[in-house]
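Biologist: Got a minute to walk me through this one? I'd like the overall picture, then a closer look at a sheet.

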Amino acid sequence: MKFMKLGSRPDTFYTTEAVRSVSCEVSSDLIIQVKGSRYLLHKFPLLSKCLRLQRLYAESPESTSELQLIKLHGFPGGVEAFELCAKFCYGITITISAFNIVSIRCAAEYLQMTEDVEKGNLIYKVEVFLNSYILQGWRDSIVTLQTTKAFPSLSEEVGVTGRCIEAVASRVLAHPDKVGRAYSCYSSNGTESHRERTKGWWGEDLAELEIDLYWRVMEVIKCGGKVPARLFGDALRAYASRWLPNLGKAMDGEGEGDDDDGEVDSRNRQILEPIVSLLPAEKGAVSCGFLLKLLKAANVLKASVSSKKELATRAGIQLDEATVGDILLPRCCENGTRHDVDTVLVMLEEFVWRGPSPPRVDVEFQEMRRSSSASHTSNRKVAKLVDRFLQEIGKDANLSMSKFISIAQTVPEFARLNHDDLYKAIDVYLKEHPELSKGERKRLWQILDYKKLSVEACMHAAQNERLPLRVVVQVLFFEQARASMAGSQLPNNMKVLLEGQPTPSKAKASFNTLPPEDQWSASSIKSSVSTLKMKLAEDHDRVAKPSKMPSKPKRIFSKLWPISTS
């Protein structure tokens, strides 16, 4: 890192009884008080270079003693910065580097050490060093920018902050993805280390800045338009990892914040929202997983509605990249569902509206065929994601049936190749909500297409006591119709169900993804079929009464009953 030495005399400052003095043949005639410290100095070297001291000395009342007292209130940089300025006035050697140049520049501005007072004054020399050396170096510029945080107003006033931001941003825009050799870097305490430059190296270096300065630098880089969106997104992810490292437990809903965490949450919220505002507009600039992590953090930290909406919109466009764990968003409220179902619904609607369209049949060009194939694949991924998501949230006793149905029906019909996962989700929901009425259960099962159930799912559904009898009949009817259309007999496992015989070992092992208490086996078939026959018998008696049941279901039973009783 660059440094500059000014002056040639040795350091002759010393301390006596908590007063700092300078060794000199001439007696001291001036006392300068900075905060709680006093300096016993001389008028000529200081007043000849500091216009502010000249004015304060002239305005101060005459003292009967030989020493005149001047108090400097709110001195920028404190006693350290003042002592460096005083040593410069005495010609004592001082060293200026990126770590102290801002405090010296602000102190010199406060003392008005300008060219109008004396040529070659401190402000001029500091400015030459700043522009010619500090702002020409990458690490020097970043360290200098970091130190402006201690003097925000004065640093802005003298233009140091703005020039540092421009210097850092211009170097990134010049070589955004350049790979270079190993280089030396310094931490805030001056410790030197060596790192290897890699693609996007600048993102890790900028992650050391606090959020307000970081946001300003990244905004200039973003407006420059020369950095690839994915590289820009990588820099944002590096910053989030650096400053939001302990949100994992909170984002998964494992930690309950107390009153002491309010200040931490506020600080994290002030970091999160600017990161969201910097997200590139291009799709794929950041991963869907990263967007959903930010969305989980936004829910936990109670970020602004606009930030959560922005994250949900962007994540919705890339929803085919998500996993079930990604979209299980915590809901930070005492009442209501455990997960933020409304935001997931927003993401689904965004995917359907902006996402891939249904595949076209009459496509003329190869590119369009490939695009349609990719669209179909994305929709199928989201359909499977939604069904597995429904299986998770269906365990929530506070989840309303209308929300469950809304999420299930958001997926386009063509996207579900089969309805096995949807069947499992409905079964899980019914098990957790036994209080549903017969009409509500019927409405819930109406979203299922029995023609898209596998043989294993049909086997389980035909024995499921949570299904209405009409649904069981429909399942058996469609399975029989499917076998007839295929020109073959009813599958063996369906025959087993209808005849009450033991199931083959292969069929026993199928559909084991349901909870143990909901799985079926050969030992349960006879009892299940007996129950089904009793229900059918009762229904058969009701069929005999024309006033209570139309003739069409009677014909359905007459087709099914001989098979089951043969």
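Modeller: Sure, we can start with the whole chain and then go into the sheet. Keep in mind that this is a predicted model.

Biologist: Okay, how many helices and strands are in the chain?

Modeller: The chain has 27 helices and nine strands.

Biologist: And what share of the residues counts as buried?

Modeller: 46% of the 566 residues do. The accessible surface of the chain is about 29100 Å², and carbon and sulfur atoms account for 51% of that.

Biologist: What about contacts in the chain between residues at least 6 apart in sequence: how many join residues at least 24 apart?

Modeller: 68% of them.

Biologist: On to the sheet of five strands. What's the strand order, and is the sheet open?

Modeller: The order runs β2-β3-β5-β4-β6, in an open sheet with mixed pairing. β2 (13-16) and β6 (68-72) are the edge strands, each pairing on one side only. On average, neighbouring strands are turned by 25° against each other, ignoring direction.

Biologist: How does β4 run relative to β6, parallel or antiparallel?

Modeller: Parallel, with five bridges joining β4, residues 30-34, to β6.

Biologist: Which residue in β6 stands opposite Ile32?

Modeller: That's Ile70.

Biologist: Nice. Which helix lies across β2, β3, β4, β5 and β6?

Modeller: Helix α3, residues 78-90, lies across those strands. Helix α3 runs at about 5° to β5, which spans 37-41.

Biologist: And where's β3 in the sequence?

Modeller: β3 covers 19-22.

Conventions
Residues are numbered from 1 along each chain as its sequence is written. This is a predicted model: local features need pLDDT of at least 70, side-chain atom pairs count only at pLDDT 80 or more; totals for chains, interfaces and linings use all residues. Side-chain values use heavy atoms; hydrogens and water are left out. Two strands pair if DSSP finds at least two bridges between them. Helices (H or I, at least four residues) and strands (E, at least two) are DSSP runs, numbered from the N terminus. Axes are lines fitted to C-alpha atoms, for helices over the stretch in contact, and angles run from 0 to 180 degrees between N-to-C directions. Contact means heavy atoms within 4.5 Å. Buried means under 20% relative accessible area, exposed over 50%, partly exposed in between (1.4 Å probe, protein chains only). Accessible areas come from the Shrake-Rupley method with a 1.4 Å probe; for residues, only the protein chains shown count as cover.
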